[in-house]
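Good morning, colleagues. Please have the sequence and the model open while I speak.

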Amino acid sequence: MQRRMFALPVIIAACAPWVFAAEPAPIKSAVAAMDAVAPGLVKVEYELMYSEGQAPSATGWAERCPNCGAYHGGDAAALVENERPLEETGYLVAPDTVVTRDPVIHPRFIRAIRVRYREQVVRADVAALGEHQPALVLALHGSLEGARPIEFSADAQPPFTLVGYALDDGIWKTFAQSLPATTVRNEAGEVGMSVDRRGLIVGADNKPVGLCLQETLPLPDGRNWSPMYWPLATAADMQERIKGVRERCARGILHVSLGFRSPPKKTSVSYDDGDREEVTRLDVLGLLCDDHSVLVLAPLKPRTTARLERITVHPLQGEAVSARFKVALADYGGFVAELETPLEGALTLSGDPIEDMRDELLSAAEISMQGEQRVAYFGHGRIPTFTVGWRRQVLPEIPGENGNLFLFDDDGQLVALPVQRRTRVSLDPYAADKGETLMLPAARLAQILSNIEAYADNANVPLAPEAENRLGWLGVELQPLTSELARANGVSHLTRDGEIGALISFVYPGSPAEDAGLKPGCVLIRLFAEGQRTPIEINCQGEEPEFSDAVWQQYDDLPEEFFDRLPTPWPSAASRLNRALTDLGIGKHYRAECSCDGQKLTKELTVAECPPHFESAPRCISAPLGLTVRNLTYEVRRYFQKDADDPGLIVAKVESGSRASTAGIKPYEIITHVNGKPVRTVADFEAAASASTELSLTVSRMTRQRVVKVDTSAPLAVPTRPSSSSNGDE
């Protein structure tokens, strides 16, 4: 194809009428406005640094993107890495004074502040902070030759122009934009202007009338635009406020240590769901709500809360105080505990609407637990904007990581605090299980605490050791779907071609599934739980036990140290489905969506408590033999194809070097008789084993059976030593 070429002179000639025309009046006016204020525009440079290994943050430095609405440009740590300062626009309002937007940086991260005009640089210190505008007032250590302070006029007339000075595409540029850019009116009828840049407001006569540092600008009333009339808090004033907040936090935000029973051994291999199941101690923060109660900021799941044994509150001064669990919050990561001894210093929660706090000067406390050490930093903070969150709650939106940030007003009342919103129950093995950390308005917290029972999770409570391993259950064994199985069962369109859903391979007699009419061959697709609008999609990928028949064939050759690391050969009762039902809560109503015989059905169900399973079954620990046995439970009997009246106890643990180990007894074998008498319960075994020192144990392994002789009065062949890990049967 022949390309048509145009000569450059032709293009220039076509454009000549407007390219070479005189500047239009609006452009001349904008240039004149920029020239009028240019001598007062300076650059403010913050030289940042790390503090005690912590990266700097500047929550007021980020800019909201007009396209996506998110904040960009707030990575202060990248500035340190690139060895360049954080740069902000400054406005010279007096020979030794500069007003600039507040980047909200803690002083520990600032090595130096400098103000630059052309090639001149002088040092500066923070002299004051804006009470209602995100402004800093800097006191210069010297003068800037050639710079001219901006003089604000109260009688400047419209039309108004916004003149800004900013770093853009790697160079500093001055720009001008007509006001109002956008006029807005809120539900209260208040009218203002929405602007997407910051800068000086210049009138028709090129006289500056004010300064815009916010996203929304009020209509002019003669003074509200001028920084000369803005209420300010001096640096000394701010230090007094911070001192008061430090004292309040010392008494009202406390170190709380939580003690847990050791977790049971995991008997199945599954994806980590992010829970703190292995923990035996947690050191967290607690908010003193009143003299007798503390809100413990710990997002514990029911299976972790079940093991909770001790709550100890550690004041910064005085003796530690024990507390008792009262109630867990249903929607947020925390629970209320009652103090056994009253403490003074409860924080006062602000009841003011959080929306009124926009850009207000607040005191900020960054408090965290690092091991057993409470670490706190105090400074100032601001809420630049808000977002609409869960259930239309208006929440502060502050750029950066705010998981440890507590905000206080000028009266020392708590305005907002960091909490995790509890995630909804899910069976997705890859889903992040950590709740989103949000800044909860203190007014909302006060509402919750005033009617705590209405916001309680009654299924998330500490349990006695014998009830710790309780589970909810449906009473089915599941087989993961594939695209082929989905097509064969006619559920491809219901399961995203087998991506979700599971085939029911077995239904336990007397289970909720049997009562609901579910049967093998049905496809379980999703659950709809009471109080949870998002469905729980069924997913059991990766839950098949790794203990195969090949392991049984090599069982006698496996070293003792390996047994504690073996999963059970049968599928664990603590499947993802049963764990999800447990998290929903025993007695909670839900609907199961399934497909049976090609017909889509919905079953109404209630979360029922699972019958005793291997992890919760009664046990007997025989010290002379060095083994632990448990009653045969429903899932164990199914795996070994045992009838309900068949005798037997499952070997749960064998101590390394013990008499049982020397005699060749292995975990997951079944002892059916002791001295010729059948044993069906751990009570039977304990009675039979204590009746004689010479024991004849009938032991079965799958289809093989043998008799093992053990003399508990004979000395051990080798010294007993602890196993490499615990499985909870010690």
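I shall take two sheets in turn, and then the nonpolar cores.

Please bear in mind that this is a predicted model. Let me begin with the open sheet of four strands, whose order is E10-E9-E13-E14 and whose pairing is antiparallel. Strand E10, residues 171-179, and strand E14, residues 208-212, are the edge strands; each has a single partner, so one side of each lacks a neighbour in the sheet. On average, neighbouring strands here are turned by 25° against each other, direction ignored. Helix H2, residues 25-37, packs on this sheet and touches E9, E10, E13 and E14. The direction of H2 makes about 125° with that of E10. Within the sheet, E13, residues 199-202, is joined to E14 by four bridges, and Val202 has Pro208 of E14 as its bridge partner.

I turn now to the second sheet. This open sheet has five strands in the order E24-E23-E27-E28-E29, again with antiparallel pairing. Its edges are strand E24, residues 373-381, and strand E29, residues 437-441. Strands E23 and E27 are joined by four bridges, and Glu366 stands opposite Leu405 in E27. Helix H4, residues 235-252, lies across E23, E24 and E27, at about 150° to E24. Helix H6, residues 442-450, touches E28 and E29, and its direction makes about 80° with that of E29.

Finally, the cores. Which residues touch the most other members of the largest nonpolar core? They are Val115, Ile253, Phe406, Phe408 and Leu417, in a core of 58 residues. Beyond its neighbours within four places in sequence, Ile253 contacts residues including Leu285, Leu347, Ile367, Phe406 and Phe408. A second, separate core of 27 residues includes Cys522, Cys540, Ala592 and Val607.

Note on methods. Residues are numbered from 1 along each chain as its sequence is written. This is a predicted model: local features need pLDDT of at least 70, side-chain atom pairs count only at pLDDT 80 or more; totals for chains, interfaces and linings use all residues. Side-chain values use heavy atoms; hydrogens and water are left out. A nonpolar core is a set of buried Ala, Val, Leu, Ile, Met, Phe, Trp, Tyr and Cys residues joined through side-chain atoms within 4.5 Å. Buried means under 20% relative accessible area, exposed over 50%, partly exposed in between (1.4 Å probe, protein chains only). Contact means heavy atoms within 4.5 Å. Two strands pair if DSSP finds at least two bridges between them. Axes are lines fitted to C-alpha atoms, for helices over the stretch in contact, and angles run from 0 to 180 degrees between N-to-C directions.
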